[in-house]
Amino acid sequence: MTVELPPPPPAVTALFPASRVDAAVAYAELLATDGVVRGLIGPREAPRLWERHVLNCALMAPALPLDARVADIGSGAGLPGLVLAIARPDITITLVEPLLRRTTFLEEAVASLGLTNVVVVRGRADALHGTSDFDVVTSRAVAPLDRLLEWSMPLVAPHGALVAMKGSSAPEEVEAAAPVLARLGCAAPVIETWGGGADAVPDVSPIRVVRVTWADPARVSLPSRPQRDVRASRPSRGRNKRRKS
């Protein structure tokens, strides 16, 4: 089953570089077709894919530093990871997703869109602990902040940050995560709003993100664990035909 995608709204040209508008439109079309067929996007979401998903995630692009190395935890259908990769050609992004049917979609989308700044990793975030770190670790609708910290902060470089998309419950989640924040040695989280005020984009609601950094970067010691059950592929290579679910 596929659902017709509404035409791209004017905000697309405001949130994506001119050279990437076609890629943004092609990605939205993939979500409305293959994404729905494969169960990654609900049929009822297709009519509001632009405002609720693609443009919503694109608002986060200015929150990332220049040339950042980014990991998107629980990437699912590529939200926000693939959107950020399209909106920010300067960054390199690793999409981390444990489910085969989702990583298959992500790999095919990366190849179809011609994105050279994306790597897809099949595995859980904790399988990367001790093997990789990133300037930014992001996520959207993956878990409450306390659990997200446990999975994400071991991947955050000493001067990096967790930048997670959150809704209206952000203040409550920050309060509930206080014990975990203290135990891990995090600085006080900052709740940021993007796409509002002077930066408002017509017909796109502002978003909230929670930014968490290390309290003392000099004392950060990322845990060392052996990498296990993690499979990665770059867009220039074909999919592993012997991959098992």
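User: What do the buried residues of α3 pack against?

Analyst: In this predicted model, the buried residues of α3 pack against three helices, α1 (11–15), α2 and α4 (81–87), and also against the strands β4 (134–140), β5 (156–166) and β7 (207–212). Contact here means that heavy atoms lie within 4.5 Å, while helices (H or I, at least four residues) and strands (E, at least two) are DSSP runs, numbered from the N terminus. The model is predicted, so local features need a pLDDT of at least 70 and side-chain atom pairs count only at pLDDT 80 or more, whereas totals for chains, interfaces and linings use all residues. Residues are numbered from 1 along each chain as its sequence is written, and side-chain values use heavy atoms, with hydrogens and water left out.

User: What makes α3 mostly covered?

Analyst: Eight of the ten residues in α3 are buried, and a residue is called buried when its relative accessible area is under 20%, exposed when it is over 50%, and partly exposed in between, with a 1.4 Å probe and protein chains only. The buried residues of α3 are Leu49, Trp50, His53, Val54, Leu55, Asn56, Cys57 and Ala58. Across the chain, which has 245 residues, buried residues make up 52%.

User: Why is α2 called oblique to α3?

Analyst: The two helices, with α3 covering residues 49–58, pack at an angle of about 125 degrees, and their axes are 11 Å apart. That makes α2 oblique to α3, because angles under 35 degrees count as roughly parallel, over 145 as roughly antiparallel, 65 to 115 as roughly perpendicular, and the rest as oblique. The axes are lines fitted to C-alpha atoms, for helices over the stretch in contact, and the angles run from 0 to 180 degrees between N-to-C directions. The crossing of α2 and α3 is right-handed, a term used if the near helix is turned clockwise from the far one by less than a right angle, with left-handed kept for an anticlockwise turn.

User: Which residues of α2 and α3 meet, and how are they classed?

Analyst: Ala24, Val25, Ala28, Leu31 and Ala32 of α2 meet Leu49, Trp50 and Val54 of α3. By class, this contact has eight nonpolar residues, no polar ones and no charged ones; Ala, Val, Leu, Ile, Met, Phe, Trp, Tyr, Cys and Pro count as nonpolar, Asp, Glu, Lys and Arg as charged, and the others, Gly among them, as polar.

User: How does α2 pack with α5?

Analyst: Helix α5 (residues 100–113) packs with α2 at an angle of about 145 degrees, with the axes 10 Å apart. The contact is made by Ala23, Ala26, Tyr27, Leu30, Leu31, Asp34 and Gly35 of α2, together with Phe105, Ala109, Ser112 and Leu113 of α5. The classes in this contact are eight nonpolar, two polar and one charged.

User: Which residues of the largest nonpolar core touch the most other members?

Analyst: A nonpolar core is a set of buried Ala, Val, Leu, Ile, Met, Phe, Trp, Tyr and Cys residues joined through side-chain atoms within 4.5 Å. In the largest such core, which holds 58 residues, Phe16, Leu31 and Leu82 touch the most other members, and helix α2 (residues 21–37) supplies the largest share, ten residues. A second, separate core of 25 residues includes Leu128, Leu155, Val156 and Trp214. In soluble globular proteins, nonpolar side chains tend to be buried together.

User: Why does Pro43 count as partly exposed, and where is it?

Analyst: The relative accessibility of Pro43 is 35%, between the limits for buried and exposed, and therefore Pro43 counts as partly exposed. Pro43 sits in the loop between α2 and α3.

User: Why is Asp203 called exposed?

Analyst: Asp203 has a relative accessible area of 67%, over the limit of 50%, and so it is exposed. Its place is in the loop between β6 (190–194) and β7.

User: What is the phi of Asp203, and what is the omega between Leu79 and Pro80?

Analyst: Asp203 has a positive phi of about 70 degrees although it is not a glycine, and the peptide bond joining Leu79 and Pro80 is cis, with omega about 10 degrees. Most residues other than glycine have a negative phi, and most peptide bonds are trans. Pro80 lies in the loop between β1 (69–73) and α4.
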